[in-house]
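Work through the exercises below with the model open. Try each task before reading its solution.

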Amino acid sequence: MIEVSAAIIFLNKKILCFQRGKNKYDYVSYKYEFPGGKINKHEDPAEALKREIREELEIEIKILKKFKTIFHKYPDFEIKMHSFICETEAFDGKLNEHINYAAMKIKNLNELDWIEADVQLVNNLMEKYSD
C-alpha cells in the first residue's frame with residue numbers, strides 16, 4: 001500500500017489538471033491526474049503535498065480543506081490517497097514531472113482521460129461543485 005497526497009488546485013475558478021508521461025505501467029501512462037506524491041515516513045499528508053507541489057510544479061499552494069481519502073487497487077499496486085482542495089495565485093507552466101496540463105472548469109473535468117484513482121475524485125467534484 002502506497003500512501004500519497006493529491007492537490008485539487010484552483011486557479012482563477014478553474015482546476016489545474018496534469019498529464020503524466022510514459023510509465024512502466026501502461027494503464028497509468030499519459031493519463032491526467034491531480035498532482036502530488038508519496039508521503040514520507042513520519043510526514044503529515046498536508047506537508048507532504050506542499051513539498052511535492054514545490055518539487056513538481058515549482059509553485060506554492062494554500063491548502064483550504066481536506067476533500068476526501070480514497071483507496072484504489074491497480075493490477076500491480078494499491079494506493080491510499082488523501083486529497084485536498086487547494087488554491088494558488090499563479091502557475092507559469094513549469095512541469096518537472098508531467099508532460100502537459102490543462103486548466104479546466106469543474107463541469108468539463110470529465111473531458112480529460114483521467115488516471116483510474118482520480119476518476120472518483122473527478123466525479124465527486126462535479127457532483128459537489130458544478131454550476
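**Exercise 1. The largest pocket**

Task: In this predicted model, find the volume of the largest pocket and describe its lining.

Solution:
- Start with size. The volume of the largest pocket is about 600 Å³.
- Next, the centre. The lining has 27 residues, and Val4, Arg20, Glu33, Gly36 and Gly37 come closest to the pocket centre.
- Then sort by element. Two or more lining residues each come from strand 1 (2-11), strand 4 (36-38), helix 1 (45-57), strand 6 (78-87) and helix 2 (116-129).
- Strand 1 gives the largest share, four residues.
- Finish with chemistry. The lining splits into twelve nonpolar, nine charged and six polar residues.

**Exercise 2. Two helices and their cover**

Task: For helix 2, compare the span with the expected value, then list the buried residues and name elements that cover them. Repeat for helix 1.

Solution:
- Helix 2 has 14 residues. From first C-alpha to last, helix 2 reaches 20 Å, close to the expected 20 Å at 1.5 Å a residue.
- Its buried residues are Ala117, Asp118, Leu121, Val122, Asn124, Leu125 and Met126.
- The cover over these residues of helix 2 includes strand 1, strand 2 (14-20), strand 3 (32-33), strand 5 (62-73) and strand 6.
- Helix 1 has 13 residues. Its first and last C-alpha atoms span 18 Å, close to the 18 Å expected.
- Buried in helix 1 are Ala46, Ala48, Leu49, Arg51, Glu52, Ile53, Glu56 and Leu57.
- Strand 1, strand 2, strand 4, strand 5, strand 6 and strand 7 are included in the cover of helix 1's buried residues.

**Exercise 3. Aromatic rings**

Task: How many aromatic pairs does a search of the whole structure find? Classify the pair of phenylalanine 34 and tryptophan 114, and place both residues.

Solution:
- The search finds nine aromatic pairs.
- Take the ring centres of phenylalanine 34 and tryptophan 114: they are 4.7 Å apart. The ring planes meet at 35°, so this pair is tilted.
- Now place the residues. Phenylalanine 34 sits in the loop between strand 3 and strand 4. Tryptophan 114 sits in the loop between strand 7 (98-104) and helix 2. The pair therefore ties together parts 80 residues apart in sequence.
- Check exposure. Phenylalanine 34 and tryptophan 114 are both buried.
- Look also for a cluster. Tyr25, Tyr27, Tyr74 and Phe77 form one.

**Exercise 4. Leucine 16**

Task: Is leucine 16 buried or exposed? Which residues does leucine 16 touch, not counting those up to four places away in sequence?

Solution:
- Locate leucine 16: it lies in strand 2.
- Its relative accessibility is 1%. The cut-off for buried is under 20%, so leucine 16 counts as buried.
- Beyond four places in sequence, leucine 16 touches Ile9, Leu11, Phe34, Pro35, Thr88, Phe91, Tyr101, Ala102 and Ala103.
- Now a distance. Leucine 16 and glutamate 58 are 42 residues apart along the chain, and their C-alpha atoms are separated by 14 Å.

**Exercise 5. Positive phi**

Task: What is phi of tyrosine 30, and of glutamate 58? Where does each residue lie?

Solution:
- Tyrosine 30 has phi near 60°, a positive value in a residue other than glycine. Its place is the loop between strand 2 and strand 3. With 42% relative accessibility, tyrosine 30 counts as partly exposed.
- Glutamate 58 is not a glycine, yet its phi is positive, about 55°. Glutamate 58 lies in the loop between helix 1 and strand 5. Its relative accessible area is 45%, so glutamate 58 is partly exposed.

Definitions and conventions. Residues numbered from 1 in each chain as written. Predicted model: local features only at pLDDT ≥ 70, side-chain atom pairs only at ≥ 80, totals over all residues. Heavy atoms only, no water. 1 Å grid on protein atoms, 1.4 Å probe; cavity = no way out; pocket = protein on both sides within 12 Å on 5 of 7 lines; lining within 4 Å. Points joined across faces, edges and corners; volume = space filled by probe spheres on them. Nonpolar A, V, L, I, M, F, W, Y, C, P; charged D, E, K, R; others polar. Expected span 1.5 Å × (residues − 1). Buried < 20%, exposed > 50% of the residue type's maximum accessible area, 1.4 Å probe, protein only. Contact = heavy atoms within 4.5 Å. Phe/Tyr/Trp six-rings, centres within 6.5 Å; stacked < 30°, edge-to-face > 60°.
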